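Thank you all for coming. Please bring the structure up on the screen, and I will talk you through the parts that I have looked at.

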Amino acid sequence: MTTPRFWREIEQRYRGIGVQCEICDRVYFPPREICPHCRRESFGKMNERELSGKGKVLTYTEVHDPHPDFKLLTPYIMAIIEMEEDVRVTGQLVGVDYKDVETGMEVKATMRRLGEESPEGIIYYGYKFAPVKDKHE
Amino acid sequence: MRDVAIIGIGETQIGELWDKSLRELGIEAGLKAIRDAGVSGEEVDMLYVGNMSAGKLINQEHVAPMIADYAGLDDIPAVRIESGGASGGMALAEGYISVASGFDDIVVVGGAEKMTDVNDEEAKKILSSTADQEWETVCGATFDSLHAMMARYHMNKYGTTKDQFAEVIVKNHSNASNNPNAQYPRAIPKNFVMNAPMVSDPLGMFDCAPLSDGGAAVVLCPAEYVDNYNGDPVKILGVGHGADHIALHDRREIGGMKATRIAAEKAFKNSNISSKDIDFAEVHDNYSISEIVAIEDLGFFKKGEGGPATEEGRTALNSEISINTSGGLKAKGQPVGAVGINQAIEAAIQLRGDAGDRQVEDARYGLTHNVGGTGASAVVHILERWSE
Amino acid sequence: MKTKEKVGIKSYAGYVPRYRIKPKEIGKVWGKDGETMGKGLRINSKSVPSPDEDVITISTQAARWAMKRAIIKGVDIGAIYVGSESHPYAVKPTATIVGAAIGATPLMTAADYEFACKAGTAGFQTCMGLVSSGMIKNGMAIGADTSQGAPGDALEYSAAAGGAAYIIGTEDMLAEIKHTCSFTTDTPDFWRREGQKYPSHGGRFTGKPAYFKHITECTKNLMEESETVPDDYDYAVFHQPNGKFPVKVAKKLGFSKEQIDPGLLVTRIGNTYSGAVPLGLAATLDQSEPGDRILVTAYGSGAGCDSFDIKVTENIEKIKNDEVPTIQEVISDEEFIPYSIYAKYRKKIEGGY
């Protein structure tokens, strides 16, 4: 991914900025110009909405044949997270052993390195998910 | 709308074809199909080529005119159709529409992919690019892992097992053992599948279709003209397209494919038949889980019963419904852009009664099911045995 | 150095990666008795960052927790200074990325600092000046590192990763910074040349003329200017490149083991460089009560010290909540790894990814 293509989405990747449809209150991440539910009525009525970063694991896998940028982390865990705002996000799970992962597990977004353009290039940062431990968050 | 027939078929061997280029694969398949149909080059009105990613795999865009050119058909309009893994099936649908509408009479629909000119890692990355690059793959998802998450979800929700996944693979390899064009024309024991190295849990190496080179082509003409040509015709009874969100996480259903259901509903409606009438189907088994999901969403089995049905042998050759008699993407091979055409060719071979040891007895209706990405696009064709 | 207005810490938090390696495990690879070396350095284990962690991710996590603790929004932060000797970019500020990640950009000022292990506290002083002068309302100072020692070098047993973030302001302080002073000389005890992967050091020269001289002088100067003696302080935090130096320098200055114990994290997590004193202070604040007085002296090679005279206020009770983990809680999440994984994670395998 080139630098501008990544830079354009920094707000989403760093801070989880999505949108909420003014008509039906549905939340979308990443942002959409048009609510797939309200269609043309929603145009111009999609307002910025920051996700809480909290969610639950919907499904997951341990990857042994990695995405090239994730080789050093292999095996690593990928999951689809059902966020508090009823929107789903794909991300890596960190800070947890695969054997301890289960559907419904509570997780929280955390910023990590995702990859890099090249060894000389821009570093990509973005959200991954860590388990919510004990009383915290 | 006119009825449309397939009057010629042609495909290359599928596999790691080191000595063949993309244009050679396209030409070989195209010439075989034209010869099979008994049409001459001048009669062809239009060429559609299904191809997923020549731009990335061989750094060549504009491949349809290139293939037409080297086939000696340089004055025939040629267009490439891309819809991820469904490129071939979508190209076939375009060909069908242009003949059915009366716009063209003789249309050649080809599909080709050259995947081994880049290394495995690069090829897999390119395959993953049919998922959402910005919100899935950048975050670490691979094409394998997205299907693995579907598999995990299906297991959790419906109790599907790794054993049942393995049964899909064993069956498809067994079918491929009777298909000379297959990349892996041999049966494999279940313990091979179960004990294969893990790719993305719960999917092992044998749960995943291979990276393949291959080309395939069919010749279409209006049903009313079939007698003008030598080719042994089969009828395209109906076509249906389906669509869904590009990213797996955006779909309300992770253990099923809405795109498949929509495509199937439309195709059945256009054909005036139902899933019960289908004798055999070529479904998009790029992963073991994909076949289980497909046979449920196509209406052959209830949701959640795809795994047990496979385990009980109800999808084996000449059982309740014969699924992937060719060996499927898993064992016949996965030359991505050609897959949809390879499926139509298998259907034609079965309906012509030319399938030899893998022949479905008294086959009348066949279905082909081709999926793009992790389910953002799907196309279903229903084919019928020719009757005068 | 005294500020005209009262100034202090409004919030703080720290983060340390969860992977750990033991000196014994490192020694095994190089044919050394790592266990004994570890005992000599008083380091039982050191933290290791995951390949997807660096100064930017560590700083961001600490900054987010600090903001959450005091309920301060990104837009209310007027300055961010990140001190580190392992900024991911040689040119391109860490602080801008952290600023964007916490929603503080674009109406703020930012810069990266480098002063070996005291770059974090240099940010404290800058923020103190900015807030006390009224130029900004809140300033954020972060000290974080993911330091590396060359394979086989003595530093490999201690160089670790971690960091802490502080929000400095003039209102709602949980601790007042009553006084600060610095002591700076040109002393080449430890350095890294441009383009070099690993730092070089002067061996035993890093001790007496460097660490000990600077910490002693700076701390004495602080106490002289504040008219205090060691007994006036409930706690003290000194830079901790290993577990031996801070204990020795504390004793020499007249501080007890009890005074430095809460902030002495090096034995469990190693030397977190720019993160060391900010983390040690954070761990100390975690168990402080209103009225407690803390003396802090950070040391950075090259060389210099920053000392602080800190007094905890009533607000410390208010900001203690379950939303943000204490330093002890953060560092108790640990996973021990062998040298092979450590070498992979720290990209020490030639020809590896």
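I will begin with chain B, go on to chain C and its sheet, and finish with the contact between chain A and chain C.

Please keep in mind throughout that this is a predicted model.

In chain B, the secondary structure comes to 14 helices and twelve strands, and the C-alpha atoms fill a box of roughly 55 × 45 × 35 Å along the principal axes. A compact globule with 388 residues would have a radius of gyration near 21 Å, and the 19 Å of chain B agrees with that. Of those 388 residues, 66% count as buried. If we take the contacts in chain B between residues at least 6 apart in sequence, 78% of them join residues at least 24 apart.

One element of chain B that I would like to single out is helix H7, residues 143-158, which has 16 residues and reaches 22 Å from its first C-alpha to its last, close to the 22 Å expected at 1.5 Å a residue. This helix H7 of chain B is mostly covered, with 13 of its 16 residues buried, and what follows it is B:Gly159, a residue whose phi is positive, near 75°.

Turning to chain C, we find 13 helices and 14 strands. The radius of gyration of chain C is 19 Å, close to the 20 Å that the globule rule gives for 353 residues, so chain C is as compact as a globular protein of that length. Its C-alpha trace spans about 55 × 45 × 40 Å along the principal axes, and 58% of the 353 residues of chain C count as buried.

Now, how are the nine strands of the open sheet in chain C ordered? The order is S5-S4-S6-S7-S1-S8-S13-S12-S11, and the pairing is mixed. Strand S5 (109-113) and strand S11 (235-238) of chain C stand at the edges, and because each has a single partner strand, one side of each is left without a neighbour in the sheet. From one strand to the next, the twist averages 20°.

Within that sheet, strand S1 (residues 8-15) and strand S7 (residues 161-169) of chain C run antiparallel and are joined by seven bridges; C:Ile9, for instance, has C:Ile168 in S7(C) as its bridge partner. Helix H4 of chain C, residues 94-101, lies across strands S4, S5 and S6 of chain C, running at about 135° to S4(C).

Finally, let us come to the contact between chains A and C, which takes 17 residues from chain A and 21 residues from chain C. On the side of chain A, the elements that give two or more residues are helix H2 (10-15), strand S7 (106-116) and strand S8 (123-131) of chain A, and S7(A) gives the most, with four residues. By type, the chain A side divides into eight nonpolar, three polar and six charged residues.

Which residues does A:Ile123 touch, leaving aside those up to four places away in sequence? They are A:Arg113, A:Glu116 and C:Pro88. A:Ile123 lies in strand S8 of chain A, and it counts as partly exposed because it has 16 C-beta neighbours inside 10 Å, where 20 or more would be needed for a residue to be buried. For orientation on the screen, A:Ile123 and A:Tyr76 are 47 residues apart along the chain, and their C-alpha atoms are separated by 20 Å.

Definitions and conventions:
Residues are numbered from 1 along each chain as its sequence is written. Chains are lettered from A and ligands numbered from 1 in the order in which they are written. This is a predicted model: local features need pLDDT of at least 70, side-chain atom pairs count only at pLDDT 80 or more; totals for chains, interfaces and linings use all residues. Two residues are in contact if their C-beta atoms, placed from the backbone, lie within 7 Å. Ala, Val, Leu, Ile, Met, Phe, Trp, Tyr, Cys and Pro count as nonpolar, Asp, Glu, Lys and Arg as charged, and the others, Gly among them, as polar. The radius of gyration is taken over C-alpha atoms; the globule rule is 2.2 Å times the number of residues to the power 0.38. A residue is buried if 20 or more other C-beta atoms lie within 10 Å of its own, exposed if 12 or fewer, and partly exposed in between; C-beta atoms are placed from the backbone. The expected span of a helix is 1.5 Å times one less than its number of residues. Two strands pair if DSSP finds at least two bridges between them. Axes are lines fitted to C-alpha atoms, for helices over the stretch in contact, and angles run from 0 to 180 degrees between N-to-C directions.
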